[in-house]
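Colleague: Hey, I'm new to this one. Can you pull it up and walk me through it?

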Amino acid sequence: MNFRKYLVLAGVTVFAASGDSMLSHGMKQTGSISLNHLQSVIFAILNPWVAVGILLLLAFFATYMTALSWADLTYVLPATSLGYVLLALVARFVLHEHVSPLRWFGIALITGGVGFVAGGPELTEHPRASESGDEARATSAAKSTLLAKDARNGAASGVKP
Amino acid sequence: MRGIYTWSAILAIVFASVVGDVLLARAMKQVGDVGALWRRSGLGVVIGRTLGNGNFVVGVMAMAVAFFSLLFALSWGDVSLVAPAAASLTFIGNAIAAKIFLHERVDRRRWIAAGLVAAGVALLAG
């Protein structure tokens, strides 16, 4: 993991959280959309909050795909769940909403989970599981052939003297 | 009865998004390191190779199914139940599916991480 990759993970987190909140803010301005009035979808897209929200979610998808190209799914998902924490902090300190003790506890759990997955050295050793899985299988296969050879040699050497 | 509808829709969301995430993860592993590929061959090759990947296309479709299941779930149940239930079950489902289908090494550290995040999301959105 280098600085550039941490930057991509931060991008996944920030783009998802900011895109969702801008979309939600914009959709509350435009009002509800029904299947009977599909033209209201076009008005919704013309709303600047919604438009910027969609652009941010496209950026989220691009960074998410980039992260998945060099990291495990089980690494990327917990690592980028800090977005939920970010949303709660924005709700508390920017929007001045009330955040209940239960939610603070939830924030603590998520932060702990992110720490768990991000702190492991073996995770950085195996950033691409499919390859490392193949390697592991290959090495174990090689090991077993070596063992078999050893056994044969041992048996042979055991017979010889 | 409404509860059964809501929970079926939640399970549909979880199933579709797990399928989508696993397929997208597999697709991007096949495309390879996006940063390296971009420097070597340019952005056009990255986009072309990603959009031309079968797993990517089906993965995006699965994500679309998850989105529409979410709309159905929200029309039957409260957002305060649907959003956290779907999000936290998806975390657990992804850990299981990544271990089985992507052969990712999901060690104790990653199980704990997935469990903590799932519990935290359930509390946060509830």
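Colleague: Which residues in α3(A) meet residues in α1(B)?
Modeller: From α3(A) you have A:M65, A:L68 and A:S69, and they meet B:L24, B:A25, B:M28 and B:V31 of α1(B). Keep in mind that this is a predicted model.

Colleague: How do the residues of that contact divide into nonpolar, polar and charged?
Modeller: Six are nonpolar and one is polar, with no charged residue in the contact of α3(A) with α1(B).

Colleague: At what angle do those two helices pack?
Modeller: About 65 degrees, with the axes 7 Å apart. The helices are residues 48-70 of chain A for α3 and residues 2-31 of chain B for α1. Angles of 65 to 115 degrees count as roughly perpendicular, so α3(A) is roughly perpendicular to α1(B).

Colleague: And is the crossing left-handed or right-handed?
Modeller: Right-handed, for α3(A) and α1(B).

Colleague: OK, zooming out. How many residues of each chain are in contact with the other chain?
Modeller: On the chain A side there are 32, and they are in contact with 34 residues of chain B.

Colleague: Which helix of chain A gives the most to that side?
Modeller: That's α6(A), with eleven residues. Helices that each supply at least two residues there include α3, α4 (73-79), α5 (82-93) and α8 (129-159) of chain A.

Colleague: What's the residue mix on that side of chain A?
Modeller: The side of chain A that touches chain B has 16 nonpolar residues, eleven polar and five charged.

Colleague: New topic: how many residues are in the largest nonpolar core?
Modeller: It has 74 residues. Those with the most contacts inside the core are A:L68, A:I110, B:I13, B:V22, B:A86 and B:V121. The largest share of this core comes from α1(B), with 14 residues. A:L68 also turns up in the α3(A) contact with α1(B).

Colleague: What does A:I110 touch, leaving out residues up to four places away in sequence?
Modeller: In chain A, A:I110 touches A:S81, A:L82, A:Y84 and A:V85. Over in chain B, A:I110 touches B:L116, B:V117, B:G120, B:V121 and B:L124.

Colleague: Now chain B by itself. How many helices and strands are there in chain B?
Modeller: Six helices and zero strands. The C-alpha atoms of chain B fill a box of roughly 55 × 35 × 25 Å along the principal axes.

Colleague: What percentage of chain B is buried?
Modeller: Buried residues make up 47% of its 126 residues. As for contacts in chain B between residues at least 6 apart in sequence, 78% join residues at least 24 apart.

Key. Residues numbered from 1 in each chain as written. Chains lettered and ligands numbered in written order. Predicted model: local features only at pLDDT ≥ 70, side-chain atom pairs only at ≥ 80, totals over all residues. Axes fitted to C-alpha atoms, helices over the stretch in contact; angles between N-to-C directions. Helix = DSSP H or I, 4+ residues; strand = E, 2+ residues; numbered from the N terminus. Parallel < 35°, antiparallel > 145°, perpendicular 65-115°, else oblique. Left-handed = near helix turned anticlockwise from the far one by under 90°. Contact = placed C-beta atoms within 7 Å. Nonpolar A, V, L, I, M, F, W, Y, C, P; charged D, E, K, R; others polar. Buried ≥ 20, exposed ≤ 12 C-beta atoms within 10 Å, placed from the backbone. Core = buried A, V, L, I, M, F, W, Y, C linked by C-beta atoms within 7 Å.
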